[in-house]
Amino acid sequence: MKIHDLSGSFETDDTSQLAERLRGDRRDAYGAFHVSGDDAMPYISAHFNGDIAYVHYFATDGHPGFQPTDMTPNGCPDEVHFLNTDGAEAGAIDMPASALVDADTAIQAILEFAASGQMPQSIQWFEL
């Protein structure tokens with residue numbers, strides 16, 4: 001897997017190393033990851049703000065992708081702020097609670113994608 005995050009880029013096929021990076025690479029409360037296989041597509045992105053995450057699955061070039069639906073974590077604010085992999089506010093996004101999941105679900109989805117190269121089944125997806 002090819003991973004691009006707040007610390008840069010690296011490659012690994014070791015799921016435990018990937019899981020460790022997903023849980024530990026943070027800038028304050030924020031984490032951001034783009035994960036792909038050998039090909040550029042499909043890929044999955046995950047953005048973290050504390051225990052809340054936004055996951056986006058891109059199946060093909062030119063398609064807007066898929067985001068979670070009906071998986072809002074308990075106690076989630078109406079909108080949550082996330083940084084992108086460059087760590088700059090200029091690339092930051094604010095996402096509605098309806099498109100968010102808890103951080104553990106996001107990590108599980110990325111590990112599932114890493115194992116199969118397919119859209120994770122652990123997320124209920126909405127096609128954009």
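**Helix packing, a salt bridge and backbone features**

Helix 1 and helix 2 are roughly antiparallel to each other, since the angle between them, about 150 degrees, lies over the cut-off of 145 degrees. The model in which this arrangement is found is a predicted one. Two packed helices are described by the angle between their axes and the distance between the axes. For this pair, the axes are 10 Å apart. Helix 1 spans residues 15–24, and helix 2 covers residues 103–116. The crossing of helix 1 past helix 2 is right-handed. On the side of helix 1, the contact is formed by Thr15, Leu18, Ala19, Leu22 and Arg23; helix 2 contributes Ile107, Ile110, Leu111 and Ala114. Sorted by class, the residues of this contact comprise 7 nonpolar, 1 polar and 1 charged.

Helix 1 also takes part in a salt bridge, through Arg21. The structure holds 1 such interaction. It joins the side chains of Asp5 and Arg21, with an N to O distance of 2.6 Å. Asp5 belongs to strand 1 (residues 2–5) and Arg21 to helix 1, so the salt bridge ties together parts of the chain that are 16 residues apart in sequence. The two partners were also examined for accessibility. Asp5 has a relative accessible area of 1% and is therefore buried, the cut-off being under 20%. Arg21, at 23% relative accessibility, counts as partly exposed.

Backbone geometry was examined next, beginning with the loop that follows helix 1. Asp28 lies in this loop, between helix 1 and strand 3. The phi of Asp28 is positive, at about 55 degrees, although the residue is not a glycine. With a relative accessible area of 76%, Asp28 is exposed, because values over 50% are assigned to that class.

A positive phi of about 55 degrees is also found at Asp70, again not a glycine. Asp70 is placed in the loop between strand 6 (66–68) and strand 7 (79–82). Its relative accessibility is 61%, so Asp70 counts as exposed.

A cis peptide bond is present in another loop. The bond in question runs from Met41 to Pro42, and its omega is near -5 degrees. Pro42 is located in the loop that connects strand 3 (30–36) with strand 4 (43–49). Strand 3 thus borders two of the loops described here: the loop holding Asp28, which lies between helix 1 and strand 3, and the loop holding Pro42, which lies between strand 3 and strand 4.

Terms used
Residues numbered from 1 in each chain as written. Predicted model: local features only at pLDDT ≥ 70, side-chain atom pairs only at ≥ 80, totals over all residues. Heavy atoms only, no water. Helix = DSSP H or I, 4+ residues; strand = E, 2+ residues; numbered from the N terminus. Buried < 20%, exposed > 50% of the residue type's maximum accessible area, 1.4 Å probe, protein only. Axes fitted to C-alpha atoms, helices over the stretch in contact; angles between N-to-C directions. Parallel < 35°, antiparallel > 145°, perpendicular 65-115°, else oblique. Left-handed = near helix turned anticlockwise from the far one by under 90°. Contact = heavy atoms within 4.5 Å. Nonpolar A, V, L, I, M, F, W, Y, C, P; charged D, E, K, R; others polar. Salt bridge = Lys/Arg side-chain N within 4 Å of Asp/Glu carboxyl O.
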